[in-house]
Amino acid sequence: MSSIRIALNELRRLSAGTLPKLALAALVLVPLLYASLYLYSNYDPYSRLDKLPAAVVTSDSGSTEGNTNRNVGREVTDELVKSGTFQWHEVSADEAREGVRNNKYSFAIGIPENFSQALLSSGKLQPQQATITLTTNDANNYLSGTIADKVAEQVRTTIAEKVGSEAADRFLVGFSTIYGKISEAGAGATKLADGAEKLRGGQQQLADGAQQLATGGVQLSTGLTTLRQSTTELPSKSKQLADGAAQVAAGNAKVAEVGQLLATGSIDLQNDLNAANDRIAQKLREKGLSEPQVQDVLSVLKQARAPVDSANTKIQGANQQLATLADGSRKVSDGASQLAGSAPALAGGIAKASDGANQLNDGAAKLNEGEKTALTGTTDLANGANQLRDGLNEGLKQIPNPDDPTRAATANTIANPVSVNSVGVASAGTYGAGLAPFFISLATWIGAFVLFLLLRPLSTRALTAGASPLRVALGGWLSSALLGIAQVIVLFGAVVWLVGIHVAHPLGAIGFAILVSLSFTAIIHALNALFGAVGKFLGLVLLVLQLVSAGGTFPWQTIPDALYPLHMVLPMGYAIDGFRHLLYTGADLQILGDIGVLAAYLVGGLVVSTLAAHKRRVWTVSKLKPELSL
């Protein structure tokens, strides 16, 4: 008897009547009812969050900043209500608290009275932390509280970004103001530096002049001291000079008088000689001399009186000089008299000038020292002004002065410095699609399990007919394998066309699902063939162990360490992994390992079934009348 005939006989037995046929159809539809209905109910719950009632309480009294009223709490509430993400209800604090307690609202968000004041306090450098109150009740639904935590965090992040952008914008505006003031200060510092340089130049000239003044003061003091010493006897000497000049003036006046008399006598003599010449000429003419002869005689007379004429000229000149000498002597006498009268005052003035020159010398010396100190200070002032100018200009380069678009972009970046660029290598798309690998695998195991509620793992007829254990094992498994293939084909049709879950590689996914069904039916078949009724119980135990270790919902790495070996050994984790790759991205090298493990379980299950068939060839009383029968 061949394995195929054994399988057909088993299927013929199950389809002999109407009820068996209905039971057979029900076995095929069990995975469909389990997986498709569950995936349908959980296909995309996030798209229906607007049906989830939530309360928002706004007690914010607002804040006044820059003569502008701002109520951030009201803004947040309006945005929440308009968003439609949940079925928001704006209620009082008591209504919200009571509503969350009696399951009228899934959760409540409360905005306190000082919310705006706390948010806007950072702009006044008086930071306060604004608080949002989240009220949840896990007695209503645990996931509602988890979703509420995410919503509250998103609200907090959005508000922080918004207010942070505004605060950063004000901060950058302050930088621009500082930039302008520093720029003005830099211009003033430049003028100060230029003025300080000019002041240092003028101070240098003043210091040089003070040095020259000190040197001249020393020379003046020395000269006046010498002059003072030299004019000590000036009054007495000038008196003597005046007396002597008066005597000289008197003597010169007498000499001048004598000279005047002598000059007058010489003039009279000349007049007499001239008259004598006229008379002689007259007499000679009367004597009958010719005019030339007369002139000859006059010429001889003129030569004879030439010494007298010369003496007269000298006398007249000496007389004028004596008159001039007498007049000068008189003037000298008058000046000497005046000098003698002024000499005491002059000597006193020179003494005072000498004393003043000494004081001037001392003052000039002090001025010189002071100017040296002033020059040093002025130099330091100039150097400091230059450093101030250079420092302000250099610091000005370090102060940001963005334009309006740059400031807005910078403020947004400061408030939200990190953006997330989600790059999905593979995307499930919906919550239901994300759970599909787990529930398809789970439904396939359950489908394989329920098959053996009606199917017999080993044909008693074939065993009694002496068929080989391998044929008996294959025949008992083939019937479940065919029904399992029908199960996954119907299941995939419903998941794809009715539920609407997208499959990246349908043919590969169906082929892999058939392999999973063949492996699972082989495992359940082996347990039932080897252990009988206990094998059904062991199938349930394996189901529970795989539920907790396969990593169908959370990543398997998050399960307790003690369950890691179960994940590595049991087949459902490999089935889930293979479905994820085929439903979302398609097969890669990693899926070969999943196929290898499932194929090994398939072969192993058939080997165990063959050993069970070999063992069942020997009949015992316990096998004819088992203690437990299901």
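Me: Which residues form the nonpolar patch on the surface that involves Phe531?

Reply: Good place to begin. In this predicted model, the patch is made by Leu530, Phe531 and Val534, and together they offer about 240 Å² of accessible area.

Me: Where does Phe531 sit, and is it buried or exposed?

Reply: The general idea is to compare the relative accessible area with two cut-offs: under 20% is buried, over 50% is exposed, and partly exposed is in between. Phe531 has 42% relative accessibility, so it counts as partly exposed. As for its place, Phe531 belongs to helix H14, which covers residues 506-531.

Me: Staying with H14, how do I read the way it packs against H18?

Reply: Take the two axes, then look at how close they come and at what angle they cross. The axes of H14 and H18 (residues 589-616) come within 8 Å, with a crossing of roughly 30 degrees. Angles under 35 degrees count as roughly parallel. H14 and H18 are therefore roughly parallel to each other. You can also read a hand from the crossing: for H14 and H18 it is left-handed.

Me: What about H13 and H18, at what angle do they cross?

Reply: Helix H13 runs over residues 469-499, and its axis comes within 8 Å of the H18 axis, with a crossing angle of roughly 120 degrees. That angle falls outside the parallel, antiparallel and perpendicular ranges, so the pair counts as oblique. The hand here is right-handed, as H13 passes H18.

Me: Let's turn to charges. How many salt bridges are there in the whole structure?

Reply: A search of the whole structure finds four. To read one, look for a side-chain nitrogen of Lys or Arg within 4 Å of a carboxyl oxygen of Asp or Glu. One of them joins Arg74 and Asp78, with 3.2 Å from N to O.

Me: Why are Arg74 and Asp78 separated by about one helical turn?

Reply: Because they are four residues apart in helix H3 (residues 72-83), which puts about one helical turn between them. On accessibility, Arg74 is at 30% and counts as partly exposed, and Asp78, at 31%, counts as partly exposed too.

Me: Which other residue does Arg74 meet in a salt bridge?

Reply: Arg74 also meets Glu90, at 2.6 Å from N to O. This pair links distant parts of the chain, with Arg74 in helix H3 and Glu90 in strand S4 (residues 87-90), 16 residues apart. Glu90 is partly exposed, as its relative accessible area is 43%.

Me: Which salt bridge is found in helix H4?

Reply: There, Arg101 and Glu98 meet at 2.8 Å, N to O. The two are three residues apart in H4 (residues 93-101), so about one helical turn separates them. Arg101 is exposed, with 51% relative accessible area, while Glu98 counts as partly exposed at 39%.

Me: Which residues are joined into one network by salt bridges that share partners?

Reply: Arg74, Asp78 and Glu90 are the ones joined that way.

Me: Now for the loops. Where does Pro112 lie, and what should I compare it with?

Reply: For a loop residue, name the elements on either side, then look for a residue that is far along the chain. Pro112 lies in the loop between strand S5 (107-111) and helix H5 (115-119). Its C-alpha atom is 5.1 Å from that of Ser59, although Pro112 and Ser59 are 53 residues apart along the chain. At 25% relative accessibility, Pro112 counts as partly exposed.

Me: Is Gly551 buried or exposed, and which loop is it in?

Reply: Gly551 is buried, because its relative accessibility is 6%. The loop in question lies between helix H15 (533-549) and helix H16 (564-569). Try the sequence-versus-space reading again: Gly551 and Asp577 are 26 residues apart in sequence, and their C-alpha atoms are 9.2 Å apart in space.

Me: One last case: where is Leu49, and how is its accessibility read?

Reply: Leu49 is placed in the loop between helix H2 (18-41) and strand S1 (53-58). With a relative accessible area of 17%, Leu49 is buried. For the distance reading, the C-alpha atoms of Leu49 and Ile147 are separated by 9.6 Å, and the two residues are 98 residues apart along the chain.

How values were computed: Residues are numbered from 1 along each chain as its sequence is written. This is a predicted model: local features need pLDDT of at least 70, side-chain atom pairs count only at pLDDT 80 or more; totals for chains, interfaces and linings use all residues. Side-chain values use heavy atoms; hydrogens and water are left out. Patches are made of residues with over 30% relative accessible area and no salt bridge: like charges are joined within 9 Å, nonpolar side chains (Val, Leu, Ile, Met, Phe, Trp, Tyr) within 5 Å. Accessible areas come from the Shrake-Rupley method with a 1.4 Å probe; for residues, only the protein chains shown count as cover. Buried means under 20% relative accessible area, exposed over 50%, partly exposed in between (1.4 Å probe, protein chains only). Axes are lines fitted to C-alpha atoms, for helices over the stretch in contact, and angles run from 0 to 180 degrees between N-to-C directions. Angles under 35 degrees count as roughly parallel, over 145 as roughly antiparallel, 65 to 115 as roughly perpendicular and the rest as oblique. A crossing is left-handed if the near helix is turned anticlockwise from the far one by less than a right angle, and right-handed if clockwise.
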